[in-house]
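Colleague: I would like a close look at a single part of this model, explained slowly enough for someone in a first year of study. Could you take me through it residue by residue?

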Amino acid sequence: MSDSVPEPTAQEESAEAEPSYDPAAPAPLNVDRTPSGNADVDAQLGRLADTDHLATDGHVEVYEDVHRGLRDALTALDARPGPPAPPSPYTNRS
């Protein structure tokens, strides 16, 4: 009997060298993200690309973070003072 380890065959070596397809592995969605023109919104949309490298169970955290950021960006738009209201022509009537 021999204590040596058998040498791998050429077929076994090529199978180890080639990466196998793993359907459960994260894969980029390749979704186009069109810039909105608002830096805060664009930053949040860019954050969605982080899900391309995460397993599905990690997506929820990113989506919630992006949702929170988009909600904050909308709130900031509402908080900005707008143009003054036009004067009313009927303010001095008796």
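What follows is a walk through a few residues and their surroundings.

Colleague: Which residues does T51 touch, and is T51 buried or exposed?

Modeller: Please keep in mind that this is a predicted model, and that the values below are computed from it. T51 lies in the loop between α2 and α3, and because its relative accessibility is 4%, under the 20% limit, T51 counts as buried. Leaving out residues up to four places away in sequence, T51 touches H59, V62 and Y63. With V62 the separation can be given in two ways, since the two residues are 11 residues apart in sequence, while their C-alpha atoms are 6.9 Å apart in space.

Y63, one of the residues that T51 touches, belongs to helix α3, which covers residues 59-79. Y63 has a relative accessible area of 39%, and because this value falls between 20% and 50%, Y63 is described as partly exposed. Together with L29 and V31, Y63 makes a nonpolar surface patch of about 300 Å², so that Y63 both touches the buried T51 and takes part in this patch.

On the other side of the loop in sequence, helix α2, made of residues 39-47, holds Q44. At 19% relative accessibility, Q44 counts as buried, because the limit is under 20%. When its neighbours within four places in sequence are set aside, Q44 is in contact with D65, V66, G69 and L70.

Methods:
Residues numbered from 1 in each chain as written. Predicted model: local features only at pLDDT ≥ 70, side-chain atom pairs only at ≥ 80, totals over all residues. Heavy atoms only, no water. Patch = residues over 30% accessible without salt bridge, like charges linked within 9 Å, V, L, I, M, F, W, Y side chains within 5 Å. Areas by Shrake-Rupley, 256 points an atom, 1.4 Å probe, with all protein chains shown as cover. Salt bridge = Lys/Arg side-chain N within 4 Å of Asp/Glu carboxyl O. Helix = DSSP H or I, 4+ residues; strand = E, 2+ residues; numbered from the N terminus. Buried < 20%, exposed > 50% of the residue type's maximum accessible area, 1.4 Å probe, protein only. Contact = heavy atoms within 4.5 Å.
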